[in-house]
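Biologist: I am new to this structure, and I would like to know what stands behind the words used to describe it. Please take me through it.

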Amino acid sequence: MTHRRALETLDRTLRDLLSVTNPELRHIPFGGKVVVLGGDPRQILPVIENGTKNQIIDAAIINSPLWSSITILILHKNMRLQATNSDAASQKELSDFSEWVLSIGEGNVPSQLPIDTPDEMLVPIPQDFLIKDYTEPIPTIVDSVYADLANQYKNVDYLKTRAILCPKNDTVDEINTYIVSLLPGEIKQYLSCDKVVKAPDSHESYDILYPIELLNSLNGSNFPTHELNLKVGVPIMLLRNLNQSIGLCNGTRLIVTALGDMVIQATIMSGSFVGHSVLIPRIRLTLKNHKLPFVLERRQFPIRVCYAMTINKSQGQTLATVGIYLKTPVFTHGQLYVAISRVTSKKGLKILIEDDNGNYCDTTKNIVYREVLAAMNCQTNYSAI
Ligand SMILES: Nc1ncnc2c1ncn2[C@@H]1O[C@H](COP(=O)(O)OP(=O)(O)OP(=O)(O)O)[C@@H](O)[C@H]1O
């Protein structure tokens, strides 16, 4: 979900622009323009790094002064889950799965145990989805999602329809490193150039206090790593908008076709620009983190390998095969729902859960902030479309 400040900024801008010709429009939301928003309150709320529940809910549009001007229209049909067979059994299976996905999103699957807060539940995962027999979890989930990788690793149709999802970036990196190591060919390594951004209040001793090894070890969400190991054929995801007019947006998935010293050549995997070959340059990216007393500047290709991705990054994706690896449980509202709702059929979903000791487990944490769902439901002016 977008931060409410983005919507409020659009509102003020439209009021400013439109009131030039008609001053009365300054007092009307969005200057009188009709604005259509699309969203699902069961999905992840605005990301506030290390934010408390109150800070996260405060950033949601339900707490915007504009909320009272919004009319809610509800979509009733899950278009992602459509049966290929029209027989009664397939329809029933799909409708049961769709109901289970919704009940996870709404926090209606009864908790096995009361855990820390009323927002958190320990929910059982149906046996059909569970990966049970494994000694090494990563190779097992990789085999399940990327079956026949040795023959299919260059097949774009194969790559674009599957992904492994995890709550945290370090698990994602572990899985991506493992899969890249399985592919034939030489690894080409790209190291970033990192430095502390000099601000007026930066201390002269920063270079001594924060050695380059420390800067290189820093990572952030939606930020490339210092060390990027690639091979031709590896799928990557863009982390910044480079050029929207040719489809190079934050979240675009591509497949690497050539690894130069200064640029990476890649082909766009999906969307309106599918099949287009593009060049990706190194750019300067900055990392601000409230735990760091400085801003880090990293010069690196704005990409990550994307055989595996975080659940947050998977928002908006539609995939035929999804493996969810819960080495650690989800940590915020809507993550479990987003993960299980990426898939287009019941048989495409596999889940591997580990408990705190790394052993097989068939229950996992689900977090639902009911206040947000209640705010969406408490409006009386529903219209079904
Ligand atoms: N009218 C439609 N007819 C057929 N398929 C559709 C239709 N609308 C959406 N879909 C398909 O359903 C899937 C989800 O659509 P879309 O990504 O637009 O939904 P969304 O609400 O943004 O999803 P989410 O927020 O869960 O990522 C896509 O695969 C899309 O092609």
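Modeller: Let us begin with strand 7 and strand 13 (residues 303-305), which pair in the antiparallel sense over 3 bridges. This is a predicted model, in which local features need pLDDT of at least 70, side-chain atom pairs count only at pLDDT 80 or more, and totals for chains, interfaces and linings use all residues. Residues are numbered from 1 along each chain as its sequence is written.

Biologist: What makes strand 7 and strand 13 a pair?

Modeller: Two strands pair if DSSP finds at least two bridges between them. Strand 7 and strand 13 have 3 bridges, so they meet that rule. Across this pairing, methionine 237 has arginine 304 as its bridge partner. Strand 7 is also joined to strand 8 (residues 253-259), again antiparallel and by 3 bridges, with proline 235 opposite isoleucine 255.

Biologist: How many helices and strands does the protein have?

Modeller: There are 11 helices and 18 strands. These are DSSP runs numbered from the N terminus: helices are H or I with at least four residues, and strands are E with at least two.

Biologist: How do you know that both faces of strand 7 are covered?

Modeller: Pro235 and Met237 on one side, and Ile236 and Leu238 on the other, are all buried. A residue is buried if 20 or more other C-beta atoms, placed from the backbone, lie within 10 Å of its own, exposed if 12 or fewer, and partly exposed in between.

Biologist: Why is leucine 230 called buried?

Modeller: Leucine 230, in strand 6 (residues 227-230), has 20 other C-beta atoms within 10 Å, so it just reaches the cut-off. Leaving aside neighbours within four places in sequence, leucine 230 is in contact with Ile187, Lys188, Val256 and Leu259. Contact means that two C-beta atoms, placed from the backbone, lie within 7 Å.

Biologist: What does the UniProt record say about residues 213-259?

Modeller: UniProt, in an unreviewed entry, places the feature "domain: DNA helicase Pif1-like 2B" there. Its positions are given in the numbering used here, feature names are shortened, and annotations may be inferred rather than shown by experiment. In the model, this stretch is 11% helix and 32% strand, with its end C-alpha atoms 26 Å apart.

Biologist: Why is strand 17 described as largely enclosed?

Modeller: Strand 17 (residues 363-367) has 5 residues, and 4 of them are buried, so the rest of the structure largely encloses it. Strand 2 (residues 120-124) runs antiparallel to strand 17 and is joined to it by 5 bridges; one of the facing pairs is methionine 121 and asparagine 366.

Biologist: Is valine 368 buried or exposed?

Modeller: Buried: it has 23 other C-beta atoms within 10 Å. Valine 368 sits in the loop between strand 17 and helix 11 (370-377). Beyond four places in sequence, valine 368 touches Glu106, Gly107, Asp119 and His333.

Biologist: Why is aspartate 148 called exposed?

Modeller: Its count is 10 other C-beta atoms within 10 Å, and exposed requires 12 or fewer, so the word fits. Aspartate 148 lies in the loop between helix 4 (137-145) and helix 5 (149-152), and has a positive phi of about 60 degrees although it is not a glycine.

Biologist: What makes phenylalanine 30 partly exposed?

Modeller: Phenylalanine 30 has 18 C-beta neighbours inside 10 Å, a count between the two cut-offs. This residue belongs to the loop between helix 1 (4-18) and helix 2 (53-59). Lysine 33 is in the loop between helix 1 and helix 2 too, and is partly exposed with 14 other C-beta atoms within 10 Å.

Biologist: Which residues are around the ligand?

Modeller: They are Asp40, Met79, Arg80, Gln315, Gly316, Thr318 and Ser341. A residue is near a molecule if its C-beta atom, placed from the backbone, lies within 6 Å of it. By class, this shell has 1 nonpolar, 4 polar and 2 charged residues. Ala, Val, Leu, Ile, Met, Phe, Trp, Tyr, Cys and Pro count as nonpolar, Asp, Glu, Lys and Arg as charged, and the others, Gly among them, as polar.
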